[in-house]
Amino acid sequence: MEYIKLGNTGMRVSRICLGTMTYGKPTERWPWALNEEQSRPFIQKAIEVGINFFDTADVYSAGESEEVVGRALKDFAKRDEVVLATKVFNPMGPGPNDKGLSRKHIMSAIDASLKRLGTDYVDLYQIHRWDYDTPIEETMEALHDVVKAGKARYIGASSMYSWQFAKALYTADLHGWTRFVSMQPHYNLIYREEEREMIPLCADQKIALIPWSPLARGLLTGKRSKERNETERAKTDNFGKSLYGSAADFEIVNRVGEIAQQIGVSSAQVALAWMLSKPAITAPIIGASKPGHLEEAVEALAVKLSDELLHKLEELYQPHPVLGFH
C-alpha cells in the first residue's frame with residue numbers, strides 16, 4: 001500500500017479509500033446494500049491490505065452504514081490507526097430541520113453520527129452537497145465549532161460548483177475559521193468535467209481530491225455493455241442511470257477493455273491507474289461488494305500507463321452536462 005498526505009494536512013491516508021455506501025442493510029432506497037454479516041469481511045480485508053481510509057455518510061442505509069462500519073473498525077483496527085470520514089446534508093428524518101447545513105442540523109448530525117459510529121470523533125467531516133437555503137457563513141462557523149469541540153479533526157466537501165467551493169474557502173479564511181482540506185468530486189474516465197475548474201482550483205489551494213465513482217458505477221469494469229447494461233444494482237440505481245449510458249460512454253468503456261487486454265490487467269485496474277496517474281488526485285473512493293474487488297484495486301497502484309496509453313484513454317472523451325449534483 002502507498003500512503004499520501006491528505007492535501008495540505010500532515011495526516012496520511014492510503015491511496016485507495018474504501019467507500020461504504022454498499023454496507024448497512026437493504027432499504028427501499030438502497031435495495032442492493034449488503035447486510036452487516038456480508039459487509040464485515042470487506043472491511044476486515046481492507047485493513048489487511050493496508051487501507052486506512054474509510055468513507056461513509058449518515059444517509060447511507062439511513063444510518064445503518066455508520067453503525068456497521070463503526071462496529072467493524074472497532075473489532076478489526078485500532079481507532080487511531082484509521083482515518084474515518086462521514087458526511088452531513090441529506091435528509092435523516094421527516095422534519096424540516098432533519099437535513100441541510102444549518103447550525104442546528106450540523107450540531108445534531110455530528111452527535112448522531114458519532115453515536116452510530118461508536119467513536120468520540122471523526123477524522124474528516126464532509127458536507128455532502130451545497131445547501132442553497134443556509135448562508136455559507138453559518139455552515140462554516142458551525143463546522144469550525146465542530147472541529148474546535150474535538151468532534152472532527154478536519155472538514156471536507158463533496159460535489160458542488162467551483163465558485164461555491166471557492167466562496168466557502170474564502171469565507172473560512174476571512175473569519176479565521178477551519179478550512180476545507182478535501183473535495184470529493186464526481187470524476188472518472190467517462191465524466192471529466194471537473195478538469196475544467198474544480199481540479200485546478202483544488203491543486204492551486206492544495207486541497208485533497210478523493211473522487212467518488214472512479215469506476216463510473218461499475219461501468220468501467222467492462223462487465224456491462226450497451227446491450228446488457230443491467231446488474232442487480234443498476235436495475236434499481238436511478239441516480240446511476242442519470243449519469244452514464246450514452247454511446248460515447250460505451251466507446252470509452254470498450255477502449256479501456258482493449259488496453260486492459262493489451263497490457264494484461266483488468267479494465268478496473270486500467271481505469272484506476274489512469275486516475276492515480278493524475279498528480280492532483282489523492283485517493284479514489286472505491287466500493288467493494290464481491291471477493292477480489294479490494295485486491296484488484298490495490299494492485300492497480302502498480303499499474304503504470306505510458307503517455308501513449310493515457311492519450312488513447314482520453315482521446316474519445318465527449319463533454320457532458322454537469323452531472324452528479326446539479
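Among the contacts in the chain with a separation of 6 or more, what percentage comes from residues 24 or more positions apart? In this predicted model, such residues account for 78% of those contacts.

The overall dimensions of the chain were considered next. A compact globule of 326 residues would have a radius of gyration near 20 Å, and the value for the chain, 19 Å, agrees with this expectation. The C-alpha trace extends over about 55 × 45 × 35 Å along its principal axes. Of the 326 residues, 55% count as buried. The surface that the chain exposes amounts to about 14,200 Å², and 50% of this area is supplied by carbon and sulfur atoms. The chain carries 39 positive and 43 negative charges, and the mean positions of these two sets lie 1 Å apart.

The secondary structure comprises twelve helices and ten strands. Strands of a sheet pair through backbone hydrogen bonds, in either a parallel or an antiparallel manner. In the present model, eight strands form an open sheet with parallel pairing. Their order across the sheet is β9-β8-β7-β6-β5-β4-β3-β10. The edges are formed by β9 (208-209) and β10 (285-286), each of which pairs on one side only. Strand β3, which covers residues 17-19, runs parallel to β10 and is joined to it by two bridges. Within this pair of strands, Cys-17 stands opposite Ile-285 of β10.

Two helices illustrate how residues are covered in the model. Thr-139 is located in helix α4, which spans residues 136-148. The relative accessible area of Thr-139 is 2%; because buried means under 20%, Thr-139 is classed as buried. When residues up to four places away in sequence are not counted, Thr-139 touches Leu-101, Ile-106, Ile-127 and Thr-134.

Helix α10 (residues 267-276) is mostly covered, with ten of its ten residues buried. An α-helix has 3.6 residues a turn, so residues three or four places apart point the same way. The buried residues of α10 include Ala-268, Val-270, Leu-272, Trp-274 and Met-275. Ser-267 and Gln-269 are also among the buried residues of this helix. The buried residues of α10 pack against three helices, α9 (247-263), α11 (293-299) and α12 (307-314), and against strand β10. Strand β10 thus appears in both parts of this description: it pairs with β3 in the sheet, and the buried residues of α10 pack against it.

How values were computed: Residues are numbered from 1 along each chain as its sequence is written. This is a predicted model: local features need pLDDT of at least 70, side-chain atom pairs count only at pLDDT 80 or more; totals for chains, interfaces and linings use all residues. Side-chain values use heavy atoms; hydrogens and water are left out. Helices (H or I, at least four residues) and strands (E, at least two) are DSSP runs, numbered from the N terminus. The radius of gyration is taken over C-alpha atoms; the globule rule is 2.2 Å times the number of residues to the power 0.38. Buried means under 20% relative accessible area, exposed over 50%, partly exposed in between (1.4 Å probe, protein chains only). Contact means heavy atoms within 4.5 Å. Accessible areas come from the Shrake-Rupley method with a 1.4 Å probe; for residues, only the protein chains shown count as cover. Lys and Arg count as positive and Asp and Glu as negative; His and the chain ends are not counted. The place of a charge is taken as NZ of Lys, CZ of Arg, CG of Asp or CD of Glu. Two strands pair if DSSP finds at least two bridges between them.
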